[in-house]
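Here are some notes to read alongside the model, written for a colleague at the bench. Keep the viewer open and follow the points in turn.

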Amino acid sequence: MAETANAIQPIIDIQNVSVGYDETDVLSNIQLALNPGSFTFITGKSGAGKTTLLSMLYLIKKPSKGILRVFGQNVNFSNRDTLALMRQRIGVVFQDFRLLEHLTVYDNIALPLRVCGMNEKEIYQRVVELLHWVELHKSIYKPCSTLSGGEKQRVAIARAVINKPDILYADEPTGSVDMEIAVKLMRLFVELNKVGTTVVIATHNEQLTSSFNFQRIELKDGTANLYPALQHI
Amino acid sequence: MRRDLLLKNKFEIPTQEDNTSTFVSVLTAIYMYLFVIMLAIFMAINAMANNWEKDIAGSITVQVTPIENDNKHIDDVKTKEQLNKVLQFMERISGVESVQVLDDQVVEKLMSPWIGNKVDLSTLPIPRLLDVKLKPNAELNYDEITRGLRLLTANASIDNHRLWLNRLIKFATSLKTVALAILLMVVAICAFSVYYSARTSLNINMNSIEILHIIGAKDDYIAKLYAKNYAKIGFFAGVIGLMAAVPCIILVGKYGISTGSGLLNGAGLSTSAWGLIMLTPLFSLLYSMVTSYFAVLKSLEKMV
């Protein structure tokens, strides 16, 4: 009994899930469970379904079959408002950043807080603090359309973490940067993971995944296999 | 803290880039112009019909044809006698407040459009008129009064104005109905344009909408963003429509009065009617806001 009570409930629980586009499943019957505070890589070749799996995990795509539980809640039976509340606990960093280009750096980063209904005074304090952390405080008034790729990436990361999310997803975050910046970015994600954020990173950069010893979900031929972190490293 | 930063509340969805805002602003301004014109016409007809009703409903007129002597001249004494009999008869009727014989000057004024100002009325067989004021809500039996008058004299007849007034009011009511129908049509078309413009904008800006959803925005949040944006558009379009329509109304009003038609005299707009017209931008704001809110909410419900 005591053992059952102490068992960790997965933050993400995927049971026999199939997901894809229209009538075609990209991934079939996948079975995975990720614990809170874990750090996971999703790997696989281009077209293996990394982005599809991630979009299902950040709740923008529903599984065509099976059960997906996030934060212990069955996504299939959650209404739109509940899904929105669940998304407020999730941060996402996209490879193409997906910023609102017509808004300033400040407005982009403030967006998740405004969506939660936080007051502007508190938003200002948190955004300014985070802008110092990502070293973009001098670009606070700049529209995002005028930023360089590296700056946009930092804005995207700041927007993803401003809400102190329970889960952070990153889709190919190192795809457009050199190895040195990629490692720096990874260290940033590790830091966030150390404070309790569950981090899931989709990447095809094998050099990167081998440099950091974390569990790994490999997508191949429409299936997903979870490989634990190597204990000896 | 930078005030300008805090006050900056830029619309998260870049509708300026998809031109739907410009389109709906121009369209709403045109519709609001038509709306104000039709509203003014509707209220003017209403006021005119009410004035006719008010002026005439509380009174009746009794005509007494002058009596001629053997020489075919008007017999003043007999005519006056007869007039007095009719006056006393009318005064005795319950529901009648007062009876007054219209003096020659008033009759002269009434007749002047037809016979001019320089004619001696006493020589003409013009009927003598009794203006009978009725008590409020008085219900008279006109058939009985007509019979009573006939027994008294064959020269008296009653005109309760109802027949021709009813025709006029019927005509005014048809005009009012047409004005109201056009008014409602303008509102409906305008609501449709706002509805479809909001939905089009939503489809064009699907990428931004998806980003908002990913960061946890509820449908209500996005719908409110649109509602706020469309409220601004509605208000400014309403102001422009109003500013264009008011000079037209004033011009038409002045032209109507200058034609000197007695029928149109009551068609002026009251202060409360002008007040209602001035509220048009607020009306425009409200319906643009509500329509866009529900249009966006309904469209978002269909998304994943």
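**Notes on the two chains**

1. Let's begin with how chain B is put together. Chain B has two domains: domain 1 takes in 14-54 + 169-301, and domain 2 covers 59-137. Measuring between centres over C-alpha atoms, domain 1 of chain B and domain 2 of chain B are 53 Å apart. Please keep in mind that this is a predicted model.

2. Next, the sheet in chain B. Its 4 strands make an open sheet with antiparallel pairing, in the order β2-β3-β1-β4 of chain B. The edges are held by β2 (96-101) and β4 (156-159) of chain B; each has a single partner strand, so one side of each is left without a neighbour in the sheet. From one strand to the next, the twist averages 20°.

3. For a closer look at one pairing in that sheet, try strand β1 of chain B, residues 59-64. This strand runs antiparallel to β4(B), and 4 bridges join the two. Which residue of β4(B) does Gln63(B) stand opposite? The residue is Ser157(B).

4. A helix covers these strands. Helix α3 of chain B (residues 76-92) lies across β1, β2, β3 (128-134) and β4 of chain B. Relative to β2(B), helix α3 of chain B runs at about 170°.

5. Chain A has an open sheet too. Here 4 strands follow the order β2-β1-β4-β5 in chain A, and their pairing is antiparallel. At the edges are β2 (24-34) and β5 (73-74) of chain A, each pairing on one side only. Inside this sheet, strand β1 (residues 12-21) and strand β4 (residues 65-70) of chain A are antiparallel partners, with 5 bridges between them. If you would like a residue pair to click on, Ile14(A) has Leu68(A) as its bridge partner in β4(A).

6. This sheet also carries a helix. Helix α2 of chain A, residues 50-57, lies across β1, β2 and β4 of chain A. The angle between helix α2 of chain A and β1(A) is about 120°.

7. Now to where the chains meet. How many residues does each chain bring to the contact? Chain A gives 22 residues and chain B gives 18 residues. On the side of chain A that touches chain B, the elements giving two or more residues are α3 (80-87), α4 (105-116) and α5 (120-133) of chain A. The largest share of that side, 6 residues, comes from α4(A). Sorted by class, the side of chain A that touches chain B holds 12 nonpolar, 2 polar and 8 charged residues.

8. α4(A) also packs within its own chain. With helix α6 of chain A (residues 149-161), α4(A) makes an angle of about 25°, and the axes are 7 Å apart. Angles under 35 degrees count as roughly parallel, and α4(A) and α6(A) are therefore roughly parallel to each other. Their crossing is right-handed. Val105(A), Asn108(A), Ile109(A), Leu111(A) and Pro112(A) of α4(A) meet Val155(A), Ala158(A) and Arg159(A) of α6(A). By class, this contact of α4(A) with α6(A) has 6 nonpolar, 1 polar and 1 charged residues.

9. Last comes the packing of α4(A) with α5(A). Their axes come within 10 Å and cross at roughly 130°, which makes α4(A) oblique to α5(A). This crossing of α4(A) and α5(A) is right-handed. From α4(A), the contact uses Tyr106(A), Ile109(A), Ala110(A), Leu113(A) and Arg114(A); from α5(A), it uses Ile123(A), Arg126(A), Val127(A) and Leu130(A). The residues of this contact of α4(A) with α5(A) are 7 nonpolar, no polar and 2 charged.

Technical notes. Residues numbered from 1 in each chain as written. Chains lettered and ligands numbered in written order. Predicted model: local features only at pLDDT ≥ 70, side-chain atom pairs only at ≥ 80, totals over all residues. Domains from an automatic or database assignment. Pairing = 2+ DSSP bridges. Contact = placed C-beta atoms within 7 Å. Axes fitted to C-alpha atoms, helices over the stretch in contact; angles between N-to-C directions. Nonpolar A, V, L, I, M, F, W, Y, C, P; charged D, E, K, R; others polar. Parallel < 35°, antiparallel > 145°, perpendicular 65-115°, else oblique. Left-handed = near helix turned anticlockwise from the far one by under 90°.
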